[in-house]
Amino acid sequence: MSRIGKLPVPVPAGVNVTLDGPQVTVQGPKGTLSHVVAAPIVVERNDDVLDVTRPDDERISKSLHGLTRTLINNMVVGVTEGYEKKLEIVGVGYRVLSKGPTQLEFQLGYSHPIIFDAPEGITFTVDGPTKLGVVGIDKQQVGEVAANIRKLRKPEPYKGKGVRYAGEHVRRKVGKAGK
């Protein structure tokens, strides 16, 4: 039995969960998220918890059991607390400017500034010229936007310059030896 899949998903007060066949919709103070549950998995509501069950021990059922439970739990956490990914910019002259809550302007060593627009449901927080955060209620979307920002200038291994996640360790290489 899946250790993660058999855990119940607690539904806090102020969160409304609607089960409409395979469609699970979670509505909370920060917004609304929905997910279509894959075929063999069943989601049931008991009091203030959601139970995710599988009908058999087929390989596909086992693999979807824990995944479905985690996705539903991420939706509940997202509409109550939200998610944030922090990024840091390292490098001389590298910086970020906020052009409103949904637009950033980067100076990353290229000949031109890079304008980055947020998709719907994502906002940015800028804490100084080298620190920023990606905020939203959908965990997958927050991670994807943060990865796309990091992709603008990945940290390079010689000087460590580029955009990195907060707390990310960049493996450094030694440069060429001098005479």
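Helices and strands are here runs assigned by DSSP, with at least four residues for a helix and at least two for a strand, numbered from the N terminus. The model used in these exercises is predicted.

**Exercise 1. Overall form**

Task: State how many helices and strands the protein chain has, and set its radius of gyration against that of a compact globule.

Solution:
1. Count the elements: the protein chain contains two helices and 13 strands.
2. Take the reference value: for 179 residues, a compact globule would have a radius of gyration near 16 Å.
3. Set the chain beside it: the protein chain has 21 Å, not the value near 16 Å.
4. Add the extents: the C-alpha trace spans about 70 × 40 × 20 Å along the principal axes.

**Exercise 2. An open sheet**

Task: Find the strand order of the open sheet of three strands, and name its edge strands.

Solution:
1. Read the order: it is β1-β6-β5, and the pairing is antiparallel.
2. Look for strands that pair on one side only: these are β1 (9-10) and β5 (42-46), the edge strands.
3. Check one contact: β1 and β6 (residues 49-53) run antiparallel and are joined by two bridges.
4. Place a residue pair: Val9 is opposite Leu50 of β6.

As background, strands of a sheet pair through backbone hydrogen bonds, and the pairing can be parallel or antiparallel.

**Exercise 3. Two hairpins**

Task: For the hairpins β8-β9 and β11-β12, give the bridges, one opposite pair and the turn glycine.

Solution:
1. Start with β8 (residues 95-98) and β9 (residues 103-107): four bridges join these antiparallel strands.
2. Pick a pair: Arg95 faces Gln107 in β9.
3. Inspect the turn: four residues separate β8 from β9, and Gly100 there has a positive phi of about 105°.
4. Go on to β11 (residues 122-126) and β12 (residues 131-136): five bridges join them, again in an antiparallel arrangement.
5. Pick a pair: Thr123 is opposite Val135 in β12.
6. Inspect this turn: four residues lie between β11 and β12, and Gly128 has a positive phi of about 90°.

**Exercise 4. The partners of β7**

Task: Follow β7 (residues 83-90) to β12 and β13, with one bridge partner in each.

Solution:
1. Take β12: six bridges join β7 to β12, and the two run antiparallel.
2. Name a partner: Glu88 is bridged to Lys131 in β12.
3. Take β13 (residues 162-165): β7 pairs with β13 over four bridges in the antiparallel sense.
4. Name a partner: Leu87 is bridged to Tyr165 in β13.
5. Look at Tyr165 again: Lys85 lies over the face of this ring, 5.1 Å from the ring centre.

**Exercise 5. Rings**

Task: Say which ring Arg153 lies over, and how many aromatic pairs the structure holds.

Solution:
1. Locate Arg153: its position is over the face of Tyr110, 4.3 Å from the ring centre.
2. Count the ring pairs: the structure holds one aromatic pair.

**Exercise 6. The largest pocket**

Task: Describe the volume and the lining of the largest pocket.

Solution:
1. Give the volume: about 200 Å³.
2. List the lining: Leu33, Ser34, His35, Leu71, Asn74, Met75, Asp138, Lys139 and Gln140.
3. Assign elements: β4 (31-36), α1 (59-80) and α2 (139-151) each contribute at least two lining residues.
4. Sort by class: three lining residues are nonpolar, four are polar and two are charged.

Key:
Residues numbered from 1 in each chain as written. Predicted model: local features only at pLDDT ≥ 70, side-chain atom pairs only at ≥ 80, totals over all residues. Heavy atoms only, no water. 1 Å grid on protein atoms, 1.4 Å probe; cavity = no way out; pocket = protein on both sides within 12 Å on 5 of 7 lines; lining within 4 Å. Points joined across faces, edges and corners; volume = space filled by probe spheres on them. Nonpolar A, V, L, I, M, F, W, Y, C, P; charged D, E, K, R; others polar. Pairing = 2+ DSSP bridges. Phe/Tyr/Trp six-rings, centres within 6.5 Å; stacked < 30°, edge-to-face > 60°. Lys NZ or Arg CZ within 6 Å of the ring centre and 35° of its normal. Rg over C-alpha atoms; globule rule 2.2 N^0.38 Å.
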